[in-house]
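I'm opening a fresh page for this one. My plan is to look up a few things in turn and jot down what I find.

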Amino acid sequence: MPDNHVFMQGWNMTDFLAWAKSKDQVIHDYVETVFAQRAHPEQASRSCWGIQRLGKIYGIERLKSACIRAADFEQYGYKVLESILKQNLDQQDHDQEQNCLPVHDNLRGATYYQ
């Protein structure tokens with residue numbers, strides 16, 4: 001294993017899932033999906049290590065909100081959560097954004113395609 005991965009030898013999927021479960025069920029489900037989507041556990045461990053760090057930097061409540069938002073878009077990983085948190089997207093009302101479309105003549109609507 002490369003030197004930059006040796007520090008993670010003490011952590012495994014069970015440890016990350018236990019950490020996530022101790023914080024919130026939403027975070028646990030998110031971390032579980034991260035492991036399920038990666039081909040190698042080492043890749044998921046690296047991502048989860050970053051997710052833990054985001055929890056320390058931004059707080060668990062914001063991390064939870066970011067996990068919910070990312071899961072809504074079926075995006076799983078450290079970079080996705082980091083982007084959401086840096087741009088404060090976790091603090092915006094996600095439902096309101098989805099229902100707010102601009103009104104103009106160029107919108108055809110569902111009836112156009114029938």
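**Entry 1: helix 5 against helix 6**

I started with a helix pair: helix 5 (residues 60–72) packs against helix 6 (residues 78–86) at an angle of about 115°, and their axes are 9 Å apart. I noted the handedness too: helix 5 and helix 6 make a right-handed crossing. Which residues make the contact? From helix 5 I listed R62, L63, A66, C67, R69 and A70. Helix 6 brings V80, L81, I84 and L85. Sorted by class, the contact of helix 5 with helix 6 has eight nonpolar residues, two charged ones and no polar ones. A reminder to myself is that this is a predicted model.

**Entry 2: stepping back**

Next I wanted the overall picture. I counted seven helices and zero strands in the protein. Read from the N terminus on, the elements go α-α-α-α-α-α-α.

How much of the protein is buried? I got 32% of the 114 residues. For the surface, I noted that the protein exposes about 7,800 Å², with carbon and sulfur atoms supplying 49% of that.

I also looked at how far along the chain the contacts reach. Taking the contacts in the protein with a separation of 6 or more, 58% are between residues 24 or more positions apart.

**Entry 3: the two sides of helix 2**

Then I moved to helix 2 (residues 13–23). Which residues of helix 2 are buried? I found F16, L17, W19 and A20. These buried residues lie on the same side of helix 2, because they cover an arc of only 160° around the axis. I jotted down the background as well: an α-helix has 3.6 residues a turn, so residues three or four places apart point the same way.

What does the buried side of helix 2 pack against? My list for its buried residues reads helix 3 (25–37), helix 4 (41–58) and helix 5. On the face of helix 2 turned away from the buried side, I found the exposed residues T14 and S22.

**Entry 4: A20 and K23**

I stayed with helix 2 for two single residues. A20 sits in this helix, and A20 counts as buried because its relative accessibility is 0%. Leaving out residues up to four places away in sequence, A20 touches I27, H28 and V31. I also checked A20 against E32: the two are 12 residues apart along the chain, and their C-alpha atoms are separated by 8.9 Å.

K23 is in helix 2 as well. Is K23 buried or partly exposed? K23 has 38% relative accessibility, so I put it down as partly exposed. From K23 to G55 I read 9.2 Å, C-alpha to C-alpha, with their positions 32 residues apart in sequence.

**Entry 5: Y30**

Y30 belongs to helix 3. Y30 is buried, because its relative accessible area is 2%, and the cut-off for buried is under 20%.

What does Y30 touch, not counting residues up to four places away in sequence? I wrote down I51, C67, A70, A71, Q75, Y76, G77, V80 and L81. Some of these were already on my page: C67 and A70 are among the helix 5 residues that make the contact with helix 6, and V80 and L81 are among those of helix 6.

For distance, I paired Y30 with K64: they are 34 residues apart in sequence and 9.2 Å apart in space, C-alpha to C-alpha.

**Entry 6: two positive phi values**

Last, I looked at backbone angles. Most residues other than glycine have a negative phi, so I noted the exceptions I came across.

E74 is one of them, with a positive phi near 55° in a residue other than glycine. Where is E74? I found E74 in the loop between helix 5 and helix 6. With 62% relative accessibility, E74 is exposed.

N88 is another non-glycine residue with a positive phi, about 60°. I placed N88 in the loop between helix 6 and helix 7 (94–99). N88 comes out as partly exposed, because its relative accessibility is 36%.

Terms used:
Residues are numbered from 1 along each chain as its sequence is written. This is a predicted model: local features need pLDDT of at least 70, side-chain atom pairs count only at pLDDT 80 or more; totals for chains, interfaces and linings use all residues. Side-chain values use heavy atoms; hydrogens and water are left out. Axes are lines fitted to C-alpha atoms, for helices over the stretch in contact, and angles run from 0 to 180 degrees between N-to-C directions. Helices (H or I, at least four residues) and strands (E, at least two) are DSSP runs, numbered from the N terminus. A crossing is left-handed if the near helix is turned anticlockwise from the far one by less than a right angle, and right-handed if clockwise. Contact means heavy atoms within 4.5 Å. Ala, Val, Leu, Ile, Met, Phe, Trp, Tyr, Cys and Pro count as nonpolar, Asp, Glu, Lys and Arg as charged, and the others, Gly among them, as polar. Buried means under 20% relative accessible area, exposed over 50%, partly exposed in between (1.4 Å probe, protein chains only). The arc is that of the directions from the helix axis to the C-beta atoms. Accessible areas come from the Shrake-Rupley method with a 1.4 Å probe; for residues, only the protein chains shown count as cover.
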